Amino acid sequence: TCRKVRASLLQKGLVLEERDFFQDRFSEQELRSLLGGHPPSELFSWKSPSFRKLGVPREELDEDELVRLMIEEPRLIRRPLIQRDDEVLIGTDADAMERAFS
């Protein structure tokens, strides 16, 4: 979970700058910058109940539509979302976290 990732990073002595993107939503430019060269589908939370409520087939959404949806509904952004320098880590992949912060 996000709390476990946060606790693990703090235990490593890292200083975290946190942002509640539910309260302080991303602009389109910020979200696209976070994506870097990654497709929006990697950041999109396909398993979110908010996505299921939309009732839209996955294959009907193009990249621009995914970005628009994530801006409108932050619950559609996979969490945790961690940026370190130019690298963005998405989700709770323990191996990726270990490589990035060891």
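These legends go with a set of close-up views of a predicted model.

**View 1. How confident the prediction is, element by element.** The protein chain of this predicted model averages a pLDDT of 86, and 91% of the residues score at least 70. Among the elements, helix 4 comes out with the highest mean pLDDT, 96. At the other end sits helix 5 (residues 94-101), with the lowest mean, 68. Where pLDDT is low, the predicted coordinates should not be read in detail.

**View 2. Helix 2 and its two faces.** Leu31, Leu34 and Leu35 are the residues to look for here, buried in helix 2. They sit on the same side of helix 2, because they cover an arc of only 105 degrees around its axis. Turn to the face away from that buried side and you meet the exposed residues Gln29 and Ser33. And what covers the buried residues? The cover includes helix 4, strand 1 (81-84) and strand 2 (87-90). Just after helix 2 comes Gly36, with a positive phi near 55 degrees.

**View 3. Inside the largest nonpolar core.** This core has 18 residues. Those with the most contacts inside it are Phe26, Leu31, Leu43, Phe44, Met70, Ile77 and Leu81. Helix 2 and helix 4 each supply at least two residues of the core, and helix 4 gives the most, with four. In soluble globular proteins, nonpolar side chains tend to be buried together.

**View 4. Leu43 and the residues around it.** Which residues does Leu43 touch, once those up to four places away in sequence are set aside? From helix 2 (28-35), the contacts of Leu43 include Leu31 and Leu35. Leu43 also reaches Met70, Leu76, Ile77 and Arg78. Leu81 and Ile90 complete its set of contacts.

**View 5. Leu69 in helix 4.** Leu69 belongs to helix 4, which spans residues 63-72. Is Leu69 buried or exposed? With a relative accessible area of 8%, it falls under the 20% cut-off, so Leu69 counts as buried. Not counting residues up to four places away in sequence, Leu69 touches Phe44, Leu54, Leu61 and Leu76. For a sense of scale, Leu69 and Pro57 are 12 residues apart in sequence and 14 Å apart in space, C-alpha to C-alpha.

**View 6. Two buried serines, Ser48 and Ser50.** Ser48 is in the loop between helix 2 (28-35) and helix 3 (49-54), while Ser50 is in helix 3 itself. Ser48 counts as buried at 6% relative accessibility, and Ser50 is buried too, at 17%. Leaving out residues up to four places away in sequence, Ser48 touches Arg75 and Leu76. On the same terms, Ser50 is in contact with Glu73, Arg75 and Leu76.

**View 7. The hairpin of strand 1 and strand 2.** These two strands run antiparallel and are joined by four bridges. One pairing to pick out is Gln83 with Val88, its bridge partner in strand 2. Two residues lie between the strands of the hairpin. In the turn, Asp85 has a positive phi of about 55 degrees.

**View 8. Salt bridges that reach across the chain.** The count of salt bridges comes to seven. Side chains of opposite charge can pair when their charged atoms come close. In one of the bridges, Glu30 pairs with Arg19, the closest N and O atoms being 3.1 Å apart. Glu30 lies in helix 2 and Arg19 in the loop between helix 1 (2-11) and helix 2, so the pair ties together parts that are 11 residues apart in sequence. Glu30 is partly exposed, at 32% relative accessibility, and Arg19 is partly exposed with a value of 32%. Another bridge joins the side chains of Arg32 and Asp64, at 2.8 Å from N to O. Here Arg32 lies in helix 2 and Asp64 in helix 4, so the parts tied together are 32 residues apart in sequence. Arg32 counts as partly exposed, at 31%.

**View 9. A salt bridge within helix 4, and a network.** Arg68 forms a salt bridge with Glu72, with 2.5 Å between the closest N and O atoms. Both lie in helix 4, four residues apart, about one turn of the helix. Arg68 is partly exposed, at 34% relative accessible area, and so is Glu72, at 45%. As for the network, salt bridges that share partners join Arg19, Asp24 and Glu30 into one.

Conventions
Residues are numbered from 1 along each chain as its sequence is written. This is a predicted model: local features need pLDDT of at least 70, side-chain atom pairs count only at pLDDT 80 or more; totals for chains, interfaces and linings use all residues. Side-chain values use heavy atoms; hydrogens and water are left out. Buried means under 20% relative accessible area, exposed over 50%, partly exposed in between (1.4 Å probe, protein chains only). Contact means heavy atoms within 4.5 Å. The arc is that of the directions from the helix axis to the C-beta atoms. Two strands pair if DSSP finds at least two bridges between them. pLDDT is the predictor's confidence in each residue, from 0 to 100. A nonpolar core is a set of buried Ala, Val, Leu, Ile, Met, Phe, Trp, Tyr and Cys residues joined through side-chain atoms within 4.5 Å. A salt bridge is a side-chain nitrogen of Lys or Arg within 4 Å of a carboxyl oxygen of Asp or Glu.
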